[in-house]
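Biologist: Please take me through one part of this model in detail. I would like the nonpolar interior, and then whatever is built around it.

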Amino acid sequence: MPDRYFTPEEANELLPTVRLLAERMVTHRRALAVATVRHGRIAAKIAGNGGGVRPHEVDTLQEAIEAEAESVVNCVEELQSLGVFVKDLDQGLVDFPARRGDEEVLLCWRLGEDEVAFWHTLDEGFAGRKPLP
């Protein structure tokens, strides 16, 4: 049960804050993915013969992974504290709980869109998005 329901107008009023947080979340998620891949490559080198690995490189990457992961979590928590559901970390996809008559629905927005202009039922997800009337 959501803490609150949004009208399309309320969701769009909150959008500047949501957009900023979603941008930060996506940026940190991408940095986390890059650091994780690099860490995996270095771990593979070390498991082989360890050649070509600079001292403390693994530690530096591990610290970056932890910092980026923490930043992603912080963004998600801030979005959730606004009453928004985070659906996709990589796309910056979020849903705003709403009502259409007696039915619970979700107003859907993705980073890059100008406004909250779509909705879907709880079961449909992103693939079932429909334009708001």
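Modeller: Start with the largest nonpolar core, which has 21 residues. Val18, Val94, Phe96, Leu107, Trp109 and Val116 touch the most other members. Keep in mind that this is a predicted model. At least two core residues come from each of α1, α2 (57-81), β2 and β3 (103-110). The top contributor is α1, with seven residues. Another core lies apart from this one. That second core has five residues, among them Ala35, Ile42, Leu61 and Ile65.

Now take tryptophan 109. Leave aside its neighbours within four places in sequence. Tryptophan 109 is then in contact with Leu15, Val18, Arg19, Ala22, Gly92, Leu93, Val94, Phe96, Glu115, Val116 and Arg129.

Phe96 has a further role. The structure holds one aromatic pair. Its partners are phenylalanine 6 and phenylalanine 96, set edge-to-face. The ring centres are 5.2 Å apart, and the planes meet at 80 degrees. Phenylalanine 6 is in the segment before α1 (8-48) and phenylalanine 96 is in strand β2 (residues 93-100), so the pair ties together parts 90 residues apart in sequence. Both rings belong to buried residues.

Next, the sheet. It is open and has five strands, in the order β1-β2-β3-β4-β5. The pairing is antiparallel. At the edges are β1 (85-88) and β5 (130-131), each paired on one side only. β2 and β3 are joined by eight bridges. One of the matched residues is leucine 93, whose bridge partner in β3 is arginine 110. The two strands form a hairpin, with two residues between them. Glycine 101 sits in that turn and has a positive phi of about 65 degrees.

Move on to β3 and β4, which pair over four bridges. Here leucine 106 has histidine 120 in β4 as its bridge partner. Strand β4 (residues 118-121) then pairs with β5 over two bridges. Phenylalanine 118 is matched with proline 131 in β5.

Two charged side chains sit over rings. The charged end of lysine 130 is over the ring of tryptophan 119, 4.7 Å from its centre. The charged end of arginine 99 is over the ring of tyrosine 5, at 5.1 Å from the centre.

Arginine 99 also forms a salt bridge with glutamate 104. Their closest N and O atoms are 3.8 Å apart. Arginine 99 is partly exposed, at 39% relative accessibility. Glutamate 104 is partly exposed as well, at 26%.

The whole structure has seven salt bridges. Another of them joins aspartate 95 to lysine 87, with closest N and O atoms 3.9 Å apart. Aspartate 95 is buried, with a relative accessible area of 2%. Lysine 87, by contrast, is partly exposed, at 47%.

A further salt bridge runs between glutamate 78 and arginine 24, whose closest N and O atoms are 3.5 Å apart. This pair links distant parts of the chain: glutamate 78 is in helix α2 and arginine 24 in helix α1, 54 residues apart. Glutamate 78 is partly exposed, with a relative accessible area of 34%. Arginine 24 is partly exposed too, at 34%.

Conventions
Residues are numbered from 1 along each chain as its sequence is written. This is a predicted model: local features need pLDDT of at least 70, side-chain atom pairs count only at pLDDT 80 or more; totals for chains, interfaces and linings use all residues. Side-chain values use heavy atoms; hydrogens and water are left out. Rings of Phe, Tyr and Trp (its six-membered ring) pair if their centres lie within 6.5 Å; planes under 30 degrees apart count as stacked, over 60 as edge-to-face and the rest as tilted. Buried means under 20% relative accessible area, exposed over 50%, partly exposed in between (1.4 Å probe, protein chains only). A charge sits over a ring if NZ of Lys or CZ of Arg is within 6 Å of the ring centre and within 35 degrees of the ring normal. Two strands pair if DSSP finds at least two bridges between them. A nonpolar core is a set of buried Ala, Val, Leu, Ile, Met, Phe, Trp, Tyr and Cys residues joined through side-chain atoms within 4.5 Å. Contact means heavy atoms within 4.5 Å. A salt bridge is a side-chain nitrogen of Lys or Arg within 4 Å of a carboxyl oxygen of Asp or Glu.
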